[in-house]
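Biologist: I have not looked at this one before, so could you walk me through it?
Modeller: Gladly; here it is.

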Amino acid sequence: MGIALRAPGSVRRLRLPYRSAFVAELHWSDDDEPVEVLNVHLAAPHVHPVVQRLWDRRGQVRDVIAHLDATPRRRRVLAGDLNATPFWPAYRRLRERLGDAVEEAARRNGRRAERTWGPGTVRRGSSASTTCWSRASSRRTRGSCPSGGSDRSALVADLVLAPG
């Protein structure tokens, strides 16, 4: 996982247990406040050794939340693979701080969020594995599409950020 920029910006690593995250800071010439894009891939809780992965995952969530809480009013987007559904603790803890852009856009359009992962097929399964969350923005998702060589679908989202 990573971040590709088509406009000038900076990217750095956020050290987390097991697998680090990427943090990009994007600037627009007509806006003084940058937007932070945080790309996270949480450890899958079912990967062996299971007990170690659960500890890694808990540490990742703890450190991501510490990062978010350090600047809580900042305009930001969190995108990535949470290996979670809305029923899981990792999802719920992050949801306390950021809006689920996929769920909110689907609800505004009178439909359900498209699923990005599931057993046996790329297009069916539990939603929220691949996700996009944000704060202080207007959101629209285009949907999901197959991602070659992966058991996930890619989530395509357009974000129109509100003034900070």
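What follows is a short chat about the overall layout, the core, the helices and a few side chains.

Biologist: What are we looking at, and how many helices and strands does the protein have?
Modeller: This is a predicted model, and the protein in it has three helices and eight strands. Read from the N terminus, the elements run β-β-β-α-β-α-β-α-β-β-β.

Biologist: How much of the protein counts as buried?
Modeller: Of its 164 residues, 42% count as buried. As for contacts with a separation of 6 or more, residues 24 or more positions apart account for 59% of them.

Biologist: Which residues have the most contacts inside the largest nonpolar core?
Modeller: That core has 18 residues, and the ones with the most contacts inside it are Leu-38, Val-40, Val-64, Leu-78 and Leu-82. Two or more residues each come from β2 (21–28), β3 (31–41), α1 (50–70) and α2 (89–95), with α1 giving the most, namely four residues.

Biologist: Tell me about α1, then; what is its reach from first C-alpha to last?
Modeller: The helix α1 has 21 residues and spans 30 Å between those two atoms, which is close to the 30 Å expected at 1.5 Å a residue. Its buried residues include Val-61, Val-64, Ile-65 and Leu-68, and also charged ones such as Arg-53, Asp-56 and Arg-57.

Biologist: And which residues are buried in α3?
Modeller: In α3, which covers residues 101–108, the buried residues are Ala-101, Val-102, Glu-104, Ala-105 and Ala-106. After this helix comes Gly-110, with a positive phi near 70 degrees.

Biologist: Switching to the loop between α1 and β4, is Arg-75 there buried or exposed?
Modeller: Arg-75 lies in that loop, ahead of β4 (76–81), and it counts as buried because its relative accessibility is 2%, under the 20% cut-off. Its side chain reaches the backbone oxygen of Glu-33 at 2.8 Å.

Biologist: What about Arg-74, and which side chain does it contact?
Modeller: Arg-74 is found in the loop between α1 and β4 as well, and it is buried, with a relative accessible area of 18%. A polar contact of 3.2 Å joins its side chain to that of Glu-36.

Biologist: Last topic, rings: how many aromatic pairs does the structure hold?
Modeller: It holds zero aromatic pairs. There is, however, a charge over a ring, as the charged end of Arg-58 sits over the ring of Trp-55, 5.2 Å from the ring's centre.

Technical notes
Residues are numbered from 1 along each chain as its sequence is written. This is a predicted model: local features need pLDDT of at least 70, side-chain atom pairs count only at pLDDT 80 or more; totals for chains, interfaces and linings use all residues. Side-chain values use heavy atoms; hydrogens and water are left out. A nonpolar core is a set of buried Ala, Val, Leu, Ile, Met, Phe, Trp, Tyr and Cys residues joined through side-chain atoms within 4.5 Å. Buried means under 20% relative accessible area, exposed over 50%, partly exposed in between (1.4 Å probe, protein chains only). A polar contact is a pair of N or O atoms within 3.5 Å; within protein, one must be able to donate a hydrogen and the other to accept it, and residues adjacent in sequence count only if both atoms are side-chain atoms. The expected span of a helix is 1.5 Å times one less than its number of residues. Rings of Phe, Tyr and Trp (its six-membered ring) pair if their centres lie within 6.5 Å; planes under 30 degrees apart count as stacked, over 60 as edge-to-face and the rest as tilted. A charge sits over a ring if NZ of Lys or CZ of Arg is within 6 Å of the ring centre and within 35 degrees of the ring normal. Contact means heavy atoms within 4.5 Å.
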